[in-house]
Amino acid sequence: MRGIYMSRYVLLMIIFLLPLRAFGAEELRLKHERSLYADDKGVGMNQPEGVACGNDRLVVADTGNGRLVLYTIQGGEFQGGTEIRVAQVSYPTRIVRSSKGDLLVLDAKQRKIARLSADGAFKEYVELSGLPVEGMVIPAGISLGGSDTLYLLDIAGSRVLVFSDDGKFQRQIVLPKDYGFITDIAADQKGTVFLIDSVHAVVYSTTKDPAVFLRITEKLKDDMSFPSNIAVDDKGLLYISDQNSGNIIVINQDGTIRRLLSMGWKEGALRYPAQLCVTTNGDLFVADRANSRIQKFTPLK
Amino acid sequence: MTLRTGIFIAALAAIGLCFAPQVPAAKAAKAATAAKTEKPAGQNGENKFNLKPGARQKVCLTCHPLFEDLMKKPFVHTPLKNPGCIACHSPHASNFPKQLSAAAGSICLTCHPGILPKNARSTHKAALDGKCVQCHDQHASDNKHNLRKAGNELCYDCHKDKAETIRNAKFKHVPVEKGCVNCHSPHASPNAAALLKSEAPELCKGCHDTNKPFFIKQHSNMPVANSKCTQCHNAHGSNKAGLIYDTVHKPFASKMCNQCHEGATSPKPLALKKKGFELCRGCHSNVVNDMFAKNRLHWPVVGKDGCLNCHNPHASAQQGLLKAAPVQLCGTCHADTIQRQEKSTTKHPPIKEGMCTACHAPHASDNVFLAVNASTVELCGSCHDYMKHSTHPIGEKIIDKRNKNLIVQCLSCHRSHGTEFKKMIPFGTVSELCTQCHIQYQR
């Protein structure tokens with residue numbers, strides 16, 4: 001009889017503990033905190049595609065208006081919303097911020113990367129010279145890793161170009177052979193590079209070998225429709241904007257995949273999201289392109 | 001696990017096995033075997049069911065007389081001759097339509113188990129779906145293999161577009177005329193896609209000797225013996241001599257291979273002179289310059305193989321030397337969008353008809369989604385003329401109540417590639433849609 005009671009106990013334990021295993025402590029949820037619609041003069045954003053963030057500043061690539069908008073963050077509150085118009089940048093689509101505060105802006109029309117000061121003054125175009133194979137470079141994405149190393153996704157050359165913070169070419173990493181189409185790049189502080197393949201919905205990384213891209217996910221077509229942008233936080237969590245579904249996909253280091261948010265017009269919902277940015281506090285900013293706004297989400301654990 | 005638990009689990013498994021339903025196909029095989037071994041009533045006294053003479057077939061014909069004529073046809077399905085109808089039909093009752101002994105999709109495999117090899121590279125959908133009777137008459141036919149129609153006419157019933165190409169082609173391919181099965185395996189192919197008996201060029205080399213001087217001369221001395229013939233030739237027939245696809249790239253038509261390739265006298269004759277779009281820029285500089293003047297490039301134009309991602313450089317059955325029909329071609333990358341349209345309750349004609357370029361610029365555009373017009377209202381209005389005179393207020397001056405940065409336009413209420421709801425709206429009901437903005441009417 002005692003044996004039978006024990007078996008029942010074990011069975012009940014298994015039944016009740018299974019859900020806890022499936023939805024572990026690492027479960028991430030996002031809470032919508034704020035949406036930004038306009039600059040300090042009330043001029044609305046127009047299909048912004050880029051966003052760069054920090055705990056003190058937020059810069060938006062307001063693509064449709066051909067400008068940047070700079071906000072300062074104090075005590076969690078957004079201030080300013082200063083328009084930055086630079087003649088050298090006409091169609092900003094991606095933006096990243098260096099540790100010194102400089103802004104690197106990808107101009108999709110000119111297919112150049114402009115370096116701007118923290119206040120938005122134009123400094124120079126990043127010079128793409130000293131490359132092992134010459135030819136036209138067409139940047140589709142940029143990311144900054146540790147020591148402000150610049151990683152540039154060159155779709156014309158099917159490679160990632162790596163430049164030191166002073167602009168010197170360091171090395172190149174050839175794109176994986178079996179890719180469908182790579183649309184964005186993210187690098188972490190250790191120099192691991194991640195790529196998102198929109199066509200196959202696959203994430204590649206240099207985790208195992210810094211010189212080679214290997215798949216770190218299977219084809220995630222059931223989870224993503226047409227992923228377009230990728231970001232990585234300082235804990236190694238990957239954030240992917242799934243353009244056609246309006247979802248944000250979060251991939252944990254152990255490979256756990258979570259689909260967050262949904263398509264829609266209401267605040268907290270997204271339509272054709274583009275660049276993502278995560279602060280060291282874990283706040284997520286999304287360029288909500290078709291809704292012409294930037295949305296801020298905070299993590300709930 | 002204790003001994004007692006083990007015995008209990010084993011007992012459960014044994015009971016389960018006893019009550020497990022028999023596989024229908026196995027049942028059918030059993031019936032057929034039994035029927036073969038059983039002798040008619042009265043013969044040697046071995047008929048344990050005491051069946052009437054002809055119970056397996058002739059008795060059936062008393063109620064099903066039409067089959068009597070059918071069985072006079074030259075090709076009668078072997079099991080129908082012997083043992084008779086009961087080879088496939090259960091005489092008393094069945095769980096399957098037409099009193100079949102097993103499901104229609106699996107009953108044929110009882111006797112024809114090797115029709116679909118396990119590692120087939122391509123399979124005929126009809127065979128895969130178990131729709132054998134789509135091509136074969138299960139009882140009798142005038143044609144060999146019990147085929148419903150003779151020769152290519154059978155295939156043309158479904159493959160209408162191919163039939164049209166073959167019938168209308170000015171230059172015919174003789175093996176096709178003689179029969180599709182000269183190149184295609186009807187059920188499955190372990191070797192190649194599209195049910196081909198083997199891949200090109202091996203299949204083609206079965207008839208065409210690539211070492212013949214005529215062959216070499218026709219190919220401008222270029223070493224094409226191992227190239228895929230179907231990149232340039234339409235195996236089903238063409239209006240161009242040499243079965244070249246109907247749309248031909250000018251340098252190819254004039255045999256000026258070295259405009260793009262290193263040339264026949266080079267150590268690498270097939271090598272391209274430049275990579276990607278840079279090669280095409282030589283002649284199509286206007287197209288490339290226009291592209292680079294736009295805000296947004298379609299990435300395939302500059303990535304991987306450049307123009308060749310979408311265009312065939314030699315010849316094509318499609319206009320603009322496209323590699324495939326637009327829906328198929330665009331769908332190779334934008335599969336989710338094409339699928340959305342396929343699942344959509346309301347079909348948007350331009351997508352259904354493969355006119356992706358009616359709304360999207362394939363190379364570059366100043367607008368998001370590579371739209372051909374910055375204004376969605378104008379773009380949709382090019383087909384939906386009524387919008388300009390009677391519609392919900394739309395346009396630059398009408399602000400979307402949900403978001404002050406948005407104007408009310410067609411995509412405020414519709415998704416152009418479709419939704420699961422009627423009229424391509426993103427909500428289940430019209431009232432749900434309207435009350436997104438007109439919140440005072442929300443219930």
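In this predicted model, strands 6 and 7 (residues 103-107) of chain A run antiparallel to one another, with five bridges joining the pair. At one point along this pairing, A:Pro92 sits across from A:Asp107 of strand 7. The two strands belong to an open, antiparallel sheet of four, laid out in chain A in the order 6-7-8-9. Strand 6 (92-97) and strand 9 (122-125) of chain A take the edge positions with a single partner strand each, so one side of each has no neighbour in the sheet. Going from one strand to the next, the twist averages 25 degrees. As a general point, side chains in a regular strand alternate between the two faces of the sheet.

A second antiparallel pairing in chain A brings together strand 10 and strand 11 (residues 150-154), again through five bridges. Here A:Leu144 has A:Leu150 of strand 11 as its bridge partner. The two strands make a hairpin with five residues between them, and in the turn A:Ser147 shows a positive phi of about 55 degrees. Strand 10 (residues 139-144) of chain A is largely enclosed by the rest of the structure, because six of its six residues are buried, that is, with 20 or more other C-beta atoms within 10 Å.

Turning to the interior, the largest nonpolar core counts 88 residues. Those with the most contacts inside this core are A:Val51, A:Val105, A:Leu238 and A:Tyr239. Once neighbours within four places in sequence are set aside, A:Tyr239 touches A:Ala231, A:Ile248, A:Val250, A:Leu276, A:Val278 and A:Leu284. Another core, of 12 residues, lies apart from the largest one and includes B:Cys85, B:Ala102, B:Ala127 and B:Leu154.

As for the contact between the chains, chain A puts in 23 residues and chain B 19 residues. On the chain A side, the residues that touch chain B split into 12 nonpolar, nine polar and two charged.

A loop residue offers a contrast with the buried strand 10. A:Gly42 is found in the loop linking strand 1 (29-36) to strand 2 (50-53) of chain A. With 9 other C-beta atoms within 10 Å, A:Gly42 counts as exposed, because the cut-off for that class is 12 or fewer. From A:Gly42 to A:Phe181 the separation is 139 residues in sequence and 38 Å in space, taken C-alpha to C-alpha.

Note on methods: Residues are numbered from 1 along each chain as its sequence is written. Chains are lettered from A and ligands numbered from 1 in the order in which they are written. This is a predicted model: local features need pLDDT of at least 70, side-chain atom pairs count only at pLDDT 80 or more; totals for chains, interfaces and linings use all residues. Two strands pair if DSSP finds at least two bridges between them. Axes are lines fitted to C-alpha atoms, for helices over the stretch in contact, and angles run from 0 to 180 degrees between N-to-C directions. A nonpolar core is a set of buried Ala, Val, Leu, Ile, Met, Phe, Trp, Tyr and Cys residues joined through C-beta atoms within 7 Å. Two residues are in contact if their C-beta atoms, placed from the backbone, lie within 7 Å. Ala, Val, Leu, Ile, Met, Phe, Trp, Tyr, Cys and Pro count as nonpolar, Asp, Glu, Lys and Arg as charged, and the others, Gly among them, as polar.
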